[in-house]
Amino acid sequence: MTHLVLDKVSVRYDGQPAPAVENVSIDAAKDDFVVLVGRSGCGKTSLLNVAAGLVAPERGSAAIGGRPIIAPGSDRAVVFQNDALFPWLTARENVAFALRLRGVGPSERARHADKLLALVKLDGAGDKRIWELSGGMRQRVGLARALAAEPQFLLLDEPLGALDALTRERMQTTLLDLWTASQVGVLMVTHGIEEALVLATRIIVLAPGPGRVVRSFETGFSRRYAAGEAIRSVKADPAFAAARSELTDAIFEGEAA
Amino acid sequence: MTISSYSERPASKLAKVDDEADALSVPWSRPRPKRSGVSARVVSAVTILVVLAAWALSARLQLVSPVFLPSPVAVWSKFVVVARDGFVDATLAQHIAASLGRVFAALIAALVVGVPIGLAIGISTIGRGIFDPLLEFLRPIPPLAYLPLVIIWFGIGEPSKILVIAIAMLAPVALSTASGVRGVSQERINAARSLGATSMQLVRHVILPSALPSILTGLRIALGAGWSTLVAAELVAATRGLGFMIQSAAQFLVTDVVVMGILVIAVIAFGLEFVIRRIERGLVPWAGRE
């Protein structure tokens, strides 16, 4: 099985005296949903960018399927907090963007894009312009666009961060549905503690100054949803509340209460 | 413009002039559900009518000699005559066609040269290092200053005239393109790269379309610069063109043709501005709405 591996990665930005990330190792398998959480400045996004090939590590290495990561590539499609969609294209054309780059013909492109739009529950919105879509719909288009590249891993940088609380909750189950349906590995950055618990198979807690791993949890709540249990029943489980408090403690560890 | 009609238009940064006009005509800070009083458009129409009336009145009362200020009626009848019979060996339509031809030939040249230069400035530091000082050198020089040099180099033919106008258009096109390119969000570029875009695909499919609103703004500014350079370009050895027509008329103190030529230029410039705004709305409907 393909693994996305960050090995003893340190990141230092030009002109910064202290590294943003120091000596972090992550190993994500293709059926994993790995979530990075932590306070601001703990280097979550830096690590995601290393995996994406957008930032080169100062020390350590990154690899996917054994091949070193030296540049961005469609085997690791990124979705950002601000959807970064192309407003001159329709929703369908946005989704088909990766296929267009590969020279896939127009009709084949449209057919495939419509399939992916249906997967993110946007059937019939293909002809819509980007500015006609709500924030949640735009993120759905962004996810479908990333999946169209047929990546091994999805790299999600706070993809639900800009959405309102209710939309966010619905998008969490959409994300899980996508993860099970498309069989991609996920590496995601979030601020949301409950979001991390709902989505992750593994949660990696980072602490700032410099960014480093303080805890790593295996969690089973997302697999329970994937196995058919209702999300409300998962969240109502006392074990969920216990895990939330344990995770919160880990994030704020060492900080005066 | 009423508030309801405002919401129907794209809140485009390209419509900035309109916004400013609105801000002037709305002295209240909070929005009002229904505007009382008159719209800016009506005020503008009244202003134009008042100016026309003052012009007609001063001509009628012979406050100024017709050599200095011919009456509106005289200008209009001259317009009809020149449109039908022509002035200095060419009809009005031929003069207009000659001028428009030069301006558009120059515009195409400025786009063909200026957009790639703007891309180079916006994308690469080397490109910026090469072209920024050249453009900053060229930009503040009035076209009349380099006109003689262009004539020494390229003669008095049509290419020189087009070149002078194109030089005046180059800086606005290139600098607007560069600022549009620099304004492309890093996330958009990163997203495209992670979807597998090569450098060339990035330019073609992401950077150029992202910069298009800015390029069109540059095109609009360039056309304005082009029109102001036109008269200068047609000073030398032209036999046709609106600038040439005005110049020849001025030499014989045919003031009504001079005034008529000025008005024709104004109307054409206004019409072009209108057309380009339409094109902008059709081509980049997303501007300001992202």
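**A walk through chains A and B**

Hi everyone! Let me start with one pair of residues: in chain A, D157(A) sits opposite V189(A), which belongs to β8(A). Before we zoom out, please keep in mind that what we are looking at is a predicted model.

So where does that pair fit in? Strand β7 of chain A covers residues 153-157, and strand β8 of chain A covers residues 185-189. The two strands pair in the parallel sense, over five bridges.

Now let's take in the rest of the sheet. How many strands form this open sheet of chain A? There are six, and going across the sheet you meet them in the order β6-β7-β8-β3-β9-β10. The pairing in the sheet is mixed. At the edges we find β6 (76-79) and β10 (212-218) of chain A, each of which pairs on one side only. If you turn the sheet on your screen, look for the twist: from one strand to the next, it averages 20 degrees.

Let's move over to chain B. What does its secondary structure come to? Twelve helices and zero strands. Read from the N terminus, the elements of chain B are simply α, again and again: α-α-α-α-α-α-α-α-α-α-α-α. Chain B has 290 residues, and 34% of them are buried. Here is another number for the same chain: take the contacts between residues at least 6 apart in sequence, and 72% of those join residues at least 24 apart.

I'd like to pick out two of those helices. Two packed helices are described by the angle between their axes and the distance between the axes. In chain B, helix α8 (residues 158-182) packs with helix α10 (residues 199-233) at an angle of about 155 degrees, and their axes are 7 Å apart. Angles over 145 degrees count as roughly antiparallel, so that is how α8(B) and α10(B) run relative to each other. The crossing of α8(B) past α10(B) is right-handed. As for the residues in this contact, 19 are nonpolar, ten are polar and one is charged.

Finally, how do the two chains meet? Chain A gives 20 residues to the contact, and chain B gives 16 residues. On the side of chain A that touches chain B, the elements giving two or more residues are β6 and α3 (97-101) of chain A. You have already met β6 as an edge strand of the sheet. By class, this side of chain A has 16 nonpolar, three polar and one charged residues.

That's my tour. Thanks for listening!

Methods. Residues are numbered from 1 along each chain as its sequence is written. Chains are lettered from A and ligands numbered from 1 in the order in which they are written. This is a predicted model: local features need pLDDT of at least 70, side-chain atom pairs count only at pLDDT 80 or more; totals for chains, interfaces and linings use all residues. Axes are lines fitted to C-alpha atoms, for helices over the stretch in contact, and angles run from 0 to 180 degrees between N-to-C directions. Helices (H or I, at least four residues) and strands (E, at least two) are DSSP runs, numbered from the N terminus. Angles under 35 degrees count as roughly parallel, over 145 as roughly antiparallel, 65 to 115 as roughly perpendicular and the rest as oblique. A crossing is left-handed if the near helix is turned anticlockwise from the far one by less than a right angle, and right-handed if clockwise. Ala, Val, Leu, Ile, Met, Phe, Trp, Tyr, Cys and Pro count as nonpolar, Asp, Glu, Lys and Arg as charged, and the others, Gly among them, as polar. Two strands pair if DSSP finds at least two bridges between them. A residue is buried if 20 or more other C-beta atoms lie within 10 Å of its own, exposed if 12 or fewer, and partly exposed in between; C-beta atoms are placed from the backbone. Two residues are in contact if their C-beta atoms, placed from the backbone, lie within 7 Å.
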